[in-house]
Amino acid sequence: MEVPAWLTAWLAGDDYTIAREILERGVAALYLVAFVSAVNQFPALLGEHGLLPVRRFLRHPYARKQPTLFRWRYSDRLLRAVAWTGAALSALIVLGVVQLAPTYVFVPVFLIVWFLYLSIVNVGQTFYGFGWESLICEAGFVVAFLGAWDTAPPITIVFFIRWLVFRLEFGAGMIKMRGDRSWRDLTALYYHHETQPMPNPFSRTAHLLPKWWHRVEVLGNHFAQLIVPWFLFAPQPVASIAAAVMILTQLWLVLTGNFAWLNWITIVLCFAGVSDGVWSWLLGGADVGRFGAETVPLWYAVVAVAVTVFLVVLSWPPLRNLFARRQLMNASFNRWHLVNAYGAFGSVTKERYEVVVEGTADDPYDPEARWEEYGFRGKPGDPRRVPRQFAPYHLRLDWLMWFLALGSRDSPWFEVLLLRLLEADGPTLKLLRCDPFGGRAPRAVRARMFLYRFSTHAEKRETGDVWVRSEVGELVPPVSLRSGQ
């Protein structure tokens with residue numbers, strides 16, 4: 001029996017085939033980064049001998065309710081198998097190999113990638129307690145249903161991705177307006193470039209720009225997050241212009257900071273607003289071609305509509321949250337991390353504190369003891385060291401050190417970190433940039449608190465230092481594995 005064309009024609013987003021390529025390959029590329037990050041960091045942070053062992057976490061009833069492959073058993077070997085499998089499948093999607101298969105193969109493969117990473121996130125505890133973890137989980141689930149080349153992208157899925165971008169941007173804008181007064185009086189970026197969790201090589205330059213420019217930055221942020229997202233749902237080319245504005249603002253954030261894959265995945269998702277017609281116009285009227293079919297098969301139309309209805313139903317809590325007086329920031333309303341609430345930096349810290357961890361091979365109570373500083377990969381330490389660019393790679397330990405300096409109470413991992421340093425634990429030391437003891441165990445370690453600020457142009461010329469720091473006090477006094485010390 002032949003199906004009437006009109007029955008599914010309305011669902012065919014055949015003007016978004018380039019957008020589909022960018023969305024599927026871009027999100028898969030970020031999954032690849034996330035899986036490689038898990039291979040490199042998860043065992044030392046959360047593994048069998050980690051700072052917050054998963055096995056201990058899984059004893060709690062809450063943990064046993066989470067959808068994860070590790071629900072009944074965890075081992076570092078299994079973790080690596082899961083992560084490498086996810087990385088391999090992600091790479092095949094990035095290369096376009098999986099898209100050559102029928103949609104009934106492509107969708108399950110992408111959902112396997114999503115569930116493998118969800119399994120890691122749901123046992124990641126505080127080291128995976130970031131909004132962009134929920135974001136990549138939600139994005140992976142939704143983008144999977146754009147389908148392979150044997151179907152046109154379902155337009156309802158394309159629009160749901162725009163709704164995801166809307167929640168992401170508008171939610172961040174609203175959390176700022178409801179939060180710190182500095183966002184309302186336009187002074188937030190007097191401080192943010194200097195006090196953000198992990199500065200990059202351009203952050204100091206951005207911080208030292210004139211204050212009038214920082215006020216323009218804040219105004220631009222409010223425009224891009226509170227006004228522009230509404231136009232994602234307008235006809236073309238307005239939706240494409242709105243997407244372009246948000247992409248440009250995200251590129252400025254990429255240039256001035258290290259926010260893991262938050263900015264990169266936002267950029268990728270914004271392309272859901274850019275049509276093939278706009279790409280053709282940008283290329284001077286060139287025929288950009290079509291990636292895949294121009295129709296949606298009936299069986300897949302049923303699947304796409306069912307998934308869209310399911311996601312719309314889940315949208316009520318985050319929609320209500322957007323306009324709630326006590327807006328939640330980076331909240332998940334279900335265990336599957338689908339249709340979440342987003343938002344970041346509702347408050348801006350005006351001073352930068354850093355925890356400096358040191359060790360000594362001498363008697364720690366000798367005033368003449370020589371203390372050596374452990375160097376972290378991303379977080380500021382040595383005043384002369386220019387911050388590096390790591391995003392979209394996520395340095396989880398460095399981020400938690402920033403929260404620790406802010407007074408985070410969720411930091412039992414730090415005591416274990418000091419213990420691992422006293423043991424000269426190899427996997428832990430690999431998370432650091434510099435081990436001053438060359439793999440040998442120190443006699444004692446301690447943690448001191450410092451106030452950091454970027455050096456002025458004159459100070460930089462005189463001393464060569466990127467940072468100026470002054471000691472605030474002792475966070476952890478000297479501790480040792482030796483009895484009586």
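**Aromatic rings**

I count two rings of Phe, Tyr or Trp as a pair if their centres lie within 6.5 Å. With that rule I searched this structure, which is a predicted model. Tyr31, Phe35, Phe42, Phe70, Tyr74, Tyr117, Tyr128 and Trp261 came out together as one aromatic cluster. Over the whole structure the search found 40 aromatic pairs. I picked out one of them, Phe106 with Phe110, to look at in detail. Their ring centres are 5.8 Å apart and the planes make an angle of 70°, so with edge-to-face meaning over 60 degrees, I noted the pair as edge-to-face.

Where do Phe106 and Phe110 sit? Both are in helix H6, which runs over residues 103-121, and they are four residues apart, about one turn of the helix. An α-helix has 3.6 residues a turn, so residues three or four places apart point the same way. I also checked exposure: Phe106 is buried at 0% relative accessible area, and Phe110 is buried at 0% as well.

**Two helices**

Next I went to helix H8, residues 155-178. Does its length agree or disagree with the expected span? Its 24 residues should span 34 Å at 1.5 Å a residue, and I found the end C-alpha atoms 34 Å apart, which agrees. Of those 24 residues, 21 are buried, so H8 is largely enclosed by the rest of the structure.

Helix H18, residues 396-405, gave me a similar entry: nine of its 10 residues are buried, so H18 too is largely enclosed by the rest of the structure. I listed its buried residues as Arg396, Leu397, Asp398, Trp399, Leu400, Met401, Trp402, Leu404 and Ala405. After H18 comes Gly407, with a positive phi near 95°.

**Pocket and cavities**

I then looked at the second largest pocket, which holds about 350 Å³ of space. Which of its 17 lining residues are closest to the centre? They are Tyr62, Val121, Asn122, Tyr128 and His337. Tyr128 was already in my notes as a member of the aromatic cluster. By class, I recorded the pocket lining as six nonpolar, 10 polar and one charged.

How many cavities of 30 Å³ or more does the structure hold? I found two. The largest has a volume of about 70 Å³. Its lining includes Gly375, Phe376, Lys379, Asp382, Arg385, Arg433 and Trp467. The lining of this largest cavity divides into five nonpolar, three polar and four charged residues.

The second largest cavity has about 40 Å³ of space. I listed Thr195, Thr349, Glu351, Arg352, Tyr353, Trp402 and Leu406 as its lining. Three of these are nonpolar, two polar and two charged. Trp402 is a name I had met before, among the buried residues of H18.

**Cysteines**

How many disulfides are there? I counted zero. Cys137 is in none, since a disulfide needs sulfur atoms within 2.5 Å and the nearest cysteine sulfur, that of Cys270, is 19 Å away. Is Cys137 buried or exposed? It is buried, with a relative accessible area of 0%. For Cys434 I wrote down 29% relative accessibility, which counts as partly exposed.

**Backbone oddments**

I looked up two cis peptide bonds. One joins Gln236 and Pro237, with omega about 5°; Pro237 is in the loop between helix H12 (211-227) and helix H13 (238-256). The other runs from Ala391 to Pro392, with omega near 15°, and Pro392 lies in the loop between strand S3 (375-376) and H18.

I also noted positive phi values outside glycine. Ala260 has a phi of about 50°. It is in the loop between H13 and helix H14 (262-270), and at 3% relative accessibility Ala260 counts as buried. Phe345 has a positive phi near 55°, and it lies in the loop between helix H17 (316-322) and strand S1 (352-360).

**Last look: Glu462**

My final stop was Glu462, in helix H21, residues 457-463. Glu462 is exposed, at 69% relative accessible area. I checked it against Pro197: the two are 265 residues apart in sequence and 27 Å apart in space, C-alpha to C-alpha.

Conventions:
Residues numbered from 1 in each chain as written. Predicted model: local features only at pLDDT ≥ 70, side-chain atom pairs only at ≥ 80, totals over all residues. Heavy atoms only, no water. Helix = DSSP H or I, 4+ residues; strand = E, 2+ residues; numbered from the N terminus. Expected span 1.5 Å × (residues − 1). Buried < 20%, exposed > 50% of the residue type's maximum accessible area, 1.4 Å probe, protein only. 1 Å grid on protein atoms, 1.4 Å probe; cavity = no way out; pocket = protein on both sides within 12 Å on 5 of 7 lines; lining within 4 Å. Points joined across faces, edges and corners; volume = space filled by probe spheres on them. Nonpolar A, V, L, I, M, F, W, Y, C, P; charged D, E, K, R; others polar. Phe/Tyr/Trp six-rings, centres within 6.5 Å; stacked < 30°, edge-to-face > 60°.
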